[in-house]
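Work through the exercises below with the structure open beside you. Try each task before reading its solution.

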Amino acid sequence: MSSETLPAFIESSNVERKQSISEEQEKSQKPRLGEGFEPISKRQMKKLIKQKQWEEQRELRKQKRKEKRKRKQLERQCQLESNSDGNDRKRIRRDVVHSTLRLIIDCSFDSLMVLKDIKKLHKQIQRCYAENRRALHPVQFYLTSHGGQLKKNMDENDKGWVNWKDIHIKPEHYSEFIKKEDLIYLTSDSPNVLKELDESKAYVIGGLVDHNHHKGLTYKQASDHGIDHAQLPLGNFVKMNSRKVLAINHVFEIILEYLETRDWQEAFFTILPQRKGAVPTDKACASSSRDKNSASVEGGLDSDSSDEENSRNELDSQYEEEKQDKENSSESTVNSIPQ
């Protein structure tokens, strides 16, 4: 072997030796069958496949995020440039006329609710806040007696609430900073029906989600505190299949809608969900009168049929009597024959 080919031969032999050593190491590291090796389950296999797909699609997701950011930037730029567009949010906000009416959600019922209902209350408050922010006549929004489970749930699931605007969130009870003569508690149990909204007043909505477990509680609290109370004029305009107790956000939104339209019926039918089966009272009266007429006609038919049944029963009884008489007469004839 020449001296020129010797280094190349040594180098190739070293490479082959290293490869054989690495293969032996891999074999030694792999668990042998019967030495604690556990086969991979289908669930683990699916996880490994998903993980592999996730890693393979990383660049694709990154590209999609970039495209989404660019699209949003273009949309914002178009909105800023469209000064004549009626849907421009900045233009709408300039046309807003703030109402002096104060609307309070009373959160003093915290201890009467389970966590599931507290979460529902939180969502309803979020809805009220969002609707008030985009309303043409937003109210002075108050959240009072804020604490306990509600505050804890908001801290855990909605940390941005501390930055909410156009809302007064207070741990105190509403009676501590609003005059009693300015307060009106909205409760469906009140005998007083609200006709107009007085924008110098503060209207209180009970922040209670209890599925009707505590009937009349808000009315009792208003009476105990000597506060005026009233119910929305729902019965004057709407006939519903379900009970008249509305969700907190529905009451809030109806008031916002009324401040814009000054029409209770329009406010009710704009906000009330379809599941309530709401119909105008005049239509409900017409349908009930039709139902009564049809019921009276059906009653007449039933009376006729009962008369037929009675006459049929009389004929049957006569037939039975005649049959019995014949049997008696034949029996007496048989008995009279000499033996």
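**Exercise 1: A glutamine and its contacts**

Task: Find the residues that Gln-124 touches, leaving out those up to four places away in sequence.

Solution. Step 1: List the contacts. Gln-124 touches Val-209, Ala-247, Ile-248 and Asn-249, with residues up to four places away in sequence not counted. Keep in mind that this is a predicted model. Step 2: Place the residue. Gln-124 belongs to helix 5, which spans residues 115-134. Step 3: Check its burial. The relative accessible area of Gln-124 is 15%. Buried means under 20%, so Gln-124 is buried.

**Exercise 2: Salt bridges in helix 5**

Task: Work out which residues are linked with Glu-131 in a network of salt bridges.

Solution. Step 1: Recall the principle. Side chains of opposite charge can pair when their charged atoms come close. Step 2: Take the pair Glu-131 and Arg-127. Their side chains form a salt bridge, 3.4 Å from N to O. The two residues are four apart in helix 5, so about one helical turn separates them. Step 3: Take the pair Arg-134 and Glu-131. Their closest N and O atoms are 3.0 Å apart, and they form a salt bridge. Both lie in helix 5, three residues apart, or about one turn of the helix. Step 4: Assemble the network. Salt bridges link Arg-127, Glu-131, Arg-134 and Glu-253. Step 5: Compare accessibility. Glu-131 is buried at 18%. Arg-127 is partly exposed at 42%. Arg-134 is exposed at 57%.

**Exercise 3: A pair across the sequence**

Task: Explain what the salt bridge between Arg-102 and Asp-182 ties together.

Solution. Step 1: Identify the contact. The side chains of Arg-102 and Asp-182 meet in a salt bridge, with 3.7 Å from N to O. Step 2: Locate both ends. Arg-102 sits in strand 1 (residues 102-106), and Asp-182 sits in the loop between strand 3 (168-169) and strand 4 (183-186), so the pair ties together parts that are 80 residues apart in sequence. Step 3: Check Arg-102. This residue is buried, with a relative accessible area of 18%. Step 4: Note the total. The count of salt bridges is eight.

**Exercise 4: The buried side of helix 10**

Task: Decide why the buried residues of helix 10 are on the same side.

Solution. Step 1: Name them. In helix 10 (residues 264-271), the buried residues are Trp-264, Ala-267, Phe-268 and Ile-271. Step 2: Look around the axis. These residues cover an arc of only 95°, which puts them on the same side of helix 10. Step 3: Find the cover. It includes helix 8 (234-237), strand 7 (238-239) and helix 9 (248-261). Step 4: Inspect the N-terminal end. Asp-263 caps helix 10 there, with a side-chain oxygen 3.0 Å from the backbone nitrogen of Gln-265.

**Exercise 5: Two loops**

Task: Is His-146 buried or exposed? Which residues join Ile-40 in a nonpolar surface patch?

Solution. Step 1: Place His-146. This residue lies in the loop between strand 2 (140-144) and helix 6 (148-157). Step 2: Read its accessibility. At a relative accessible area of 7%, His-146 is buried. Its contacts include Trp-161, Ile-169 and Pro-171. Step 3: Turn to Ile-40. This residue is in the loop between helix 1 (5-29) and helix 2 (42-56). Step 4: Complete the patch. Met-45, Leu-48 and Ile-49 form it with Ile-40, and together they have about 370 Å² of accessible area.

Key:
Residues numbered from 1 in each chain as written. Predicted model: local features only at pLDDT ≥ 70, side-chain atom pairs only at ≥ 80, totals over all residues. Heavy atoms only, no water. Patch = residues over 30% accessible without salt bridge, like charges linked within 9 Å, V, L, I, M, F, W, Y side chains within 5 Å. Areas by Shrake-Rupley, 256 points an atom, 1.4 Å probe, with all protein chains shown as cover. Salt bridge = Lys/Arg side-chain N within 4 Å of Asp/Glu carboxyl O. Buried < 20%, exposed > 50% of the residue type's maximum accessible area, 1.4 Å probe, protein only. Arc of directions from axis to C-beta. Contact = heavy atoms within 4.5 Å. Polar contact = N/O pair within 3.5 Å; in protein donor to acceptor, adjacent residues only side chain to side chain.
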